[in-house]
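Here is a friendly briefing to read alongside the structure. Have the viewer open, and take the topics in any order you like.

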Amino acid sequence: MTEPNRLGALASTLNAAGIRYVLIGVAGANLWARSASTIFTTLDYDLFLPPDPENELAAWEACRSSGLELWCGDEPLGSPLDRWLAEQVVARRALVRASDGRGLDVDLTLVMAGFDFDTVWSERRRFVVDGVEVAVARLRHIVASKAAAGREKDRLFLASHEEALRQLGKLDADRE
Amino acid sequence: MDPSRKRLFDILDEVRTWPRPTGPVNLRPEYLRAVEEIEARPENRSGADKSWVESTRREFRDLIARAKPLD
């Protein structure tokens, strides 16, 4: 049985709470896909948040209300979830992972290589997934960030993505 | 284990030990132009319905979850 739309459900909760976030990473790039051939399998969603403790705290509460547990590294984020804890996490630019333990993993990141939040936020696109608006980073920002990070998985994505676009362009040219 | 499969695993183990490049990647101008073209397409305007992407991704995951080894 196909899993339900978890991205839409979470985005709906985040939107309702007025939380600023931008979907980045492979899941973000997928929303720019022209066809199924340029969709990449990914197990998680990366949400880029501003270095704002209030926003961070609100994002945690939204995740919790969606049934997700919060983790920092291998440890539960703990409680109470309060302003002080959010300030510590933001000051350290620490990554918090929200997970339902059944395959939905959402990384709440305060870092996007090569970019500050305001730049990505101001140029975001709003796409609709199953009736829910999702804030998505520009594709140029996603690929530039992956190029700046230069990890093995980023290199693999960039090479695969470029090849997929090349094949699409070739197909378009053949049709014309 | 099937000998051909063992040989494949041996090759993969060897590849795993190879040095892997890290650090910033220079993106080719052709690639960046293709990315800009994608962003400018009508189907990628704000408000575009992307439900098909998530449903496709979910189908992929569902398919993978049901995969079983041959032996």
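Helices here are DSSP runs of H or I with at least four residues, numbered from the N terminus. Just past one such run, α6(A), G150(A) takes a positive phi of about 65°. Please keep in mind that this is a predicted model. It pairs chain A, with seven helices and eight strands, with chain B, which has three helices and zero strands.

**The two chains**

- Chain A has 176 residues and a radius of gyration of 17 Å, which agrees with the value near 16 Å for a compact globule of that length.
- Measured out along the principal axes, the C-alpha atoms of chain A fill a box of roughly 60 × 35 × 30 Å.
- Of the residues of chain A, 38% count as buried.
- Among the contacts in chain A that join residues at least 6 apart in sequence, 70% link residues at least 24 apart.
- Chain B runs α-α-α from its N terminus. Its radius of gyration is 20 Å, well over the 11 Å that the globule rule gives for 71 residues, so chain B is more spread out than a compact globule.
- The C-alpha trace of chain B spans about 55 × 35 × 15 Å along its principal axes, and 8% of the 71 residues of chain B count as buried.

**Where the chains meet**

- Chain A brings 32 residues to the contact and chain B brings 29.
- On the side of chain A that touches chain B, β7 (125-129), α6 and α7 (152-175) each supply at least two residues. Of these, α7(A) gives the most, with six residues.
- By class, that side of chain A has 15 nonpolar, six polar and eleven charged residues.

**Helix against helix**

- Helix α6 of chain A (residues 139-149) and helix α2 of chain B (residues 29-40) have axes that come within 9 Å and cross at roughly 150°. Angles over 145 degrees count as roughly antiparallel, and that crossing therefore makes α6(A) roughly antiparallel to α2(B).
- L139(A), R140(A) and V143(A) make the contact from α6(A), while V35(B), E36(B), I38(B) and E39(B) make it from α2(B).
- The residues of this helix contact divide into four nonpolar, no polar and three charged.
- α6(A) is mostly covered, with eight of its eleven residues buried. Among them are L139(A) and V143(A), both of which also take part in the contact with α2(B).

**The β7-β8 hairpin and K50(B)**

- In chain A, β7(A) and strand β8 (residues 132-136) run antiparallel and are joined by five bridges.
- One of the pairings puts F127(A) opposite its bridge partner V134(A) in β8(A).
- Two residues lie between the strands of this hairpin, in which D130(A) takes a positive phi near 50°.
- Which residues does K50(B) touch, leaving aside those up to four places away in sequence? They are L31(A), F127(A), V128(A) and V129(A).
- K50(B) sits in the loop between α2 and α3 (51-65) of chain B.
- Is K50(B) buried or exposed? K50(B) is buried, because 21 other C-beta atoms lie within 10 Å, and the cut-off for burial is 20 or more.
- K50(B) and T22(B) are 28 residues apart in sequence, and their C-alpha atoms are 33 Å apart in space.

Note on methods. Residues numbered from 1 in each chain as written. Chains lettered and ligands numbered in written order. Predicted model: local features only at pLDDT ≥ 70, side-chain atom pairs only at ≥ 80, totals over all residues. Axes fitted to C-alpha atoms, helices over the stretch in contact; angles between N-to-C directions. Parallel < 35°, antiparallel > 145°, perpendicular 65-115°, else oblique. Contact = placed C-beta atoms within 7 Å. Nonpolar A, V, L, I, M, F, W, Y, C, P; charged D, E, K, R; others polar. Pairing = 2+ DSSP bridges. Rg over C-alpha atoms; globule rule 2.2 N^0.38 Å. Buried ≥ 20, exposed ≤ 12 C-beta atoms within 10 Å, placed from the backbone.
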